[in-house]
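Trainee: I've got this model open and I'd like to talk it through. Can we go piece by piece?

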Amino acid sequence: MEMKRRRFVTMALGAAATVLLAPMRVFAARPQKAFDANSMDLVLKEQFAGADITESADINIKAPDIAENGAVVPITVDFDIPGAEAVSIIAENNPNPLAASFALTDASGKSVSTRIKMGKTSNRRP
């Protein structure tokens with residue numbers, strides 16, 4: 001009887017440790033209409049709803065001039081804008097231009113990085 005109880009406790013502790021130590025996944029609300037939009041104008045309408053959009057010297061986009069593989073293009077956006085709430089990456093020549101969108105908090109830092117798929121070469125605009 002003691003062996004069965006010990007085995008049960010060991011298995012229960014192992015299962016609890018697996019659940020507690022497993023990587024956590026966080027899913028944010030996805031702006032579905034913006035990601036499904038098939039033109040730059042629709043993305044801007046859905047994602048920014050009439051907000052003023054201007055280029056800024058406080059934003060630096062790091063991306064390769066020519067990507068080795070259009071399926072995994074590394075992009076880094078560095079920014080120095082106090083109170084920034086979001087960063088979106090738009091590849092205007094893609095069938096669905098909105099490639100990534102990040103919601104920011106005060107603890108987010110001043111940089112985001114990802115890899116995006118690009119169908120065609122696009123301009124960089126901060």
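Mentor: Sure, and keep in mind that this is a predicted model. Start with strand 2, which has a covered face and an uncovered one. Pro74, Thr76 and Asp78 are on the uncovered face, while the covered face holds Val73, Ile75, Val77 and Phe79.

Trainee: Which element gives the most to the largest nonpolar core?

Mentor: That core has 11 residues in all, among them Val73, Ile75, Val77 and Phe79. Strand 2, strand 3 (86-90) and strand 5 (111-116) each give two or more residues to the core. The one that gives the most, with four residues, is strand 2.

Trainee: Why would such side chains sit together?

Mentor: In soluble globular proteins, nonpolar side chains tend to be buried together. Here, besides the strand 2 residues, the core includes Val87, Ile89, Leu104 and Val112. Another of its members is Ile116.

Trainee: Strand 2 has neighbours, then. With how many bridges do strand 2 and strand 5 pair?

Mentor: Strand 1 (residues 59-62) pairs with strand 2 in the antiparallel sense over four bridges, and Ile61 stands opposite Val77 there. On the strand 5 side, Thr76 has Ser113 as its bridge partner. Strand 2 and strand 5 are antiparallel too, and their bridges number six.

Trainee: Back to the core for a second. Which residues does Ile89 contact, leaving aside neighbours within four places in sequence?

Mentor: Ile89 is one of the core residues, and its contacts include other members of that core, such as Ile75 and Val77. Ile89 also touches Pro97, Leu98, Ala99 and Phe102. Completing the set are Ala100, Thr114 and Ile116.

Trainee: Now a polar one. Is Asn94 buried or exposed?

Mentor: Asn94 is found in the loop between strand 3 and strand 4 (98-103). Buried means under 20% relative accessible area. Asn94 has a relative accessible area of 10%, so Asn94 is buried.

Trainee: What does the side chain of Asn94 reach?

Mentor: Not counting residues up to four places away in sequence, Asn94 touches Lys117, Met118, Gly119 and Lys120. Among these is the residue you're after. At 2.7 Å, the Asn94 side chain reaches the backbone nitrogen of Gly119.

Trainee: Last one, zooming out: in what order do the elements run from the N terminus on?

Mentor: The secondary structure comes to three helices and five strands. Buried residues make up 16% of the 126 residues in the protein. From the N terminus on, the order is α-α-α-β-β-β-β-β.

Notes. Residues are numbered from 1 along each chain as its sequence is written. This is a predicted model: local features need pLDDT of at least 70, side-chain atom pairs count only at pLDDT 80 or more; totals for chains, interfaces and linings use all residues. Side-chain values use heavy atoms; hydrogens and water are left out. A nonpolar core is a set of buried Ala, Val, Leu, Ile, Met, Phe, Trp, Tyr and Cys residues joined through side-chain atoms within 4.5 Å. Buried means under 20% relative accessible area, exposed over 50%, partly exposed in between (1.4 Å probe, protein chains only). Contact means heavy atoms within 4.5 Å. A polar contact is a pair of N or O atoms within 3.5 Å; within protein, one must be able to donate a hydrogen and the other to accept it, and residues adjacent in sequence count only if both atoms are side-chain atoms. Two strands pair if DSSP finds at least two bridges between them.
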